[in-house]
Amino acid sequence: MEPVVVAYLPKILRSMSEICEEMGVGQKAVRSWVQQGAPIAVEGTGSKTRYSAEAGMLQAWRAHAPSVNAA
C-alpha cells in the first residue's frame, strides 16, 4: 500500500479584522493576546499598526495559554 501524504497549507490572517473574525473575538482581546506573547506579528504604531498571524499557530497558542479566556 502506498503511504498517504498529508500537506498543510497555512491560513495567513493579514489584518486585525481577519484575526478577530477567525478567532471570534474583538480587537481588545487580540491586543491583550499580543501582550501575553501570542504568535501575532505587529508592525508599525498608532493608526498605522498592522497585525498578521497564521491561524493554526494562533489557535494552538490560544488552546494552551493559561489566561487567554480572561481577555
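In this predicted model, helix H1, spanning residues 16-23, packs against helix H2, spanning residues 27-35, at an angle of about 100 degrees. The axes of these two helices lie 9 Å apart. Angles of 65 to 115 degrees count as roughly perpendicular, so H1 is roughly perpendicular to H2. On the H1 side, the contact is made by Met16, Ile19, Cys20 and Met23. H2 answers with Gln27, Val30, Arg31 and Trp33. Sorted by class, the residues where H1 meets H2 come out as six nonpolar, one polar and one charged.

Arg31, one of the H2 residues in that contact, is worth a closer look. Its relative accessible area is 40%, and since partly exposed covers the range between 20% and 50%, Arg31 counts as partly exposed. Leaving aside residues up to four places away in sequence, Arg31 touches Met16 and Tyr51. Met16 belongs to the H1 side of the helix contact just described, while Tyr51 falls within strand E3, which covers residues 50-54. Val42 sits 11 residues from Arg31 in sequence, and the C-alpha atoms of the two are 9.8 Å apart in space.

H1 also has a second helix to deal with. H1 and H3 pack at an angle of about 55 degrees, and their axes are 11 Å apart. An angle of this kind makes H1 oblique to H3, and the crossing of the two is right-handed. From H1, the residues involved are Ile19, Glu22 and Met23; from H3, they are Ala55, Leu58, Gln59 and Arg62. This contact of H1 with H3 holds four nonpolar, one polar and two charged residues. Ile19 and Met23 turn up here and also in the contact of H1 with H2.

Then there is the sheet. Three strands make up an open sheet, lined up in the order E1-E3-E2 with antiparallel pairing. Strand E1 (12-13) and strand E2 (40-43) are the edge strands, each pairing on one side only. E1 is joined to E3 by two bridges, and these strands run antiparallel. Across that pairing, Leu13 stands opposite Ala53 of E3. E2 is joined to E3 by four bridges, again with the strands running antiparallel. Two of the partnerships can be named: Ala41 has Ser52 of E3 as its bridge partner, and Glu43 has Arg50 of E3. E2 and E3 form a hairpin with six residues between the strands, and in this hairpin Gly44 takes a positive phi near 85 degrees.

How do the helices sit relative to the strands? H2 lies across E2 and E3, and runs at about 95 degrees to E2. Helix H3, made of residues 55-64, packs on the sheet as well, touching E1, E2 and E3. The direction of H3 makes about 85 degrees with that of E3. Put together, H1 packs with H2 and with H3, while H2 lies across two strands and H3 touches E1, E2 and E3.

Technical notes. Residues are numbered from 1 along each chain as its sequence is written. This is a predicted model: local features need pLDDT of at least 70, side-chain atom pairs count only at pLDDT 80 or more; totals for chains, interfaces and linings use all residues. Side-chain values use heavy atoms; hydrogens and water are left out. Axes are lines fitted to C-alpha atoms, for helices over the stretch in contact, and angles run from 0 to 180 degrees between N-to-C directions. Angles under 35 degrees count as roughly parallel, over 145 as roughly antiparallel, 65 to 115 as roughly perpendicular and the rest as oblique. Contact means heavy atoms within 4.5 Å. Ala, Val, Leu, Ile, Met, Phe, Trp, Tyr, Cys and Pro count as nonpolar, Asp, Glu, Lys and Arg as charged, and the others, Gly among them, as polar. Two strands pair if DSSP finds at least two bridges between them. Buried means under 20% relative accessible area, exposed over 50%, partly exposed in between (1.4 Å probe, protein chains only). A crossing is left-handed if the near helix is turned anticlockwise from the far one by less than a right angle, and right-handed if clockwise.
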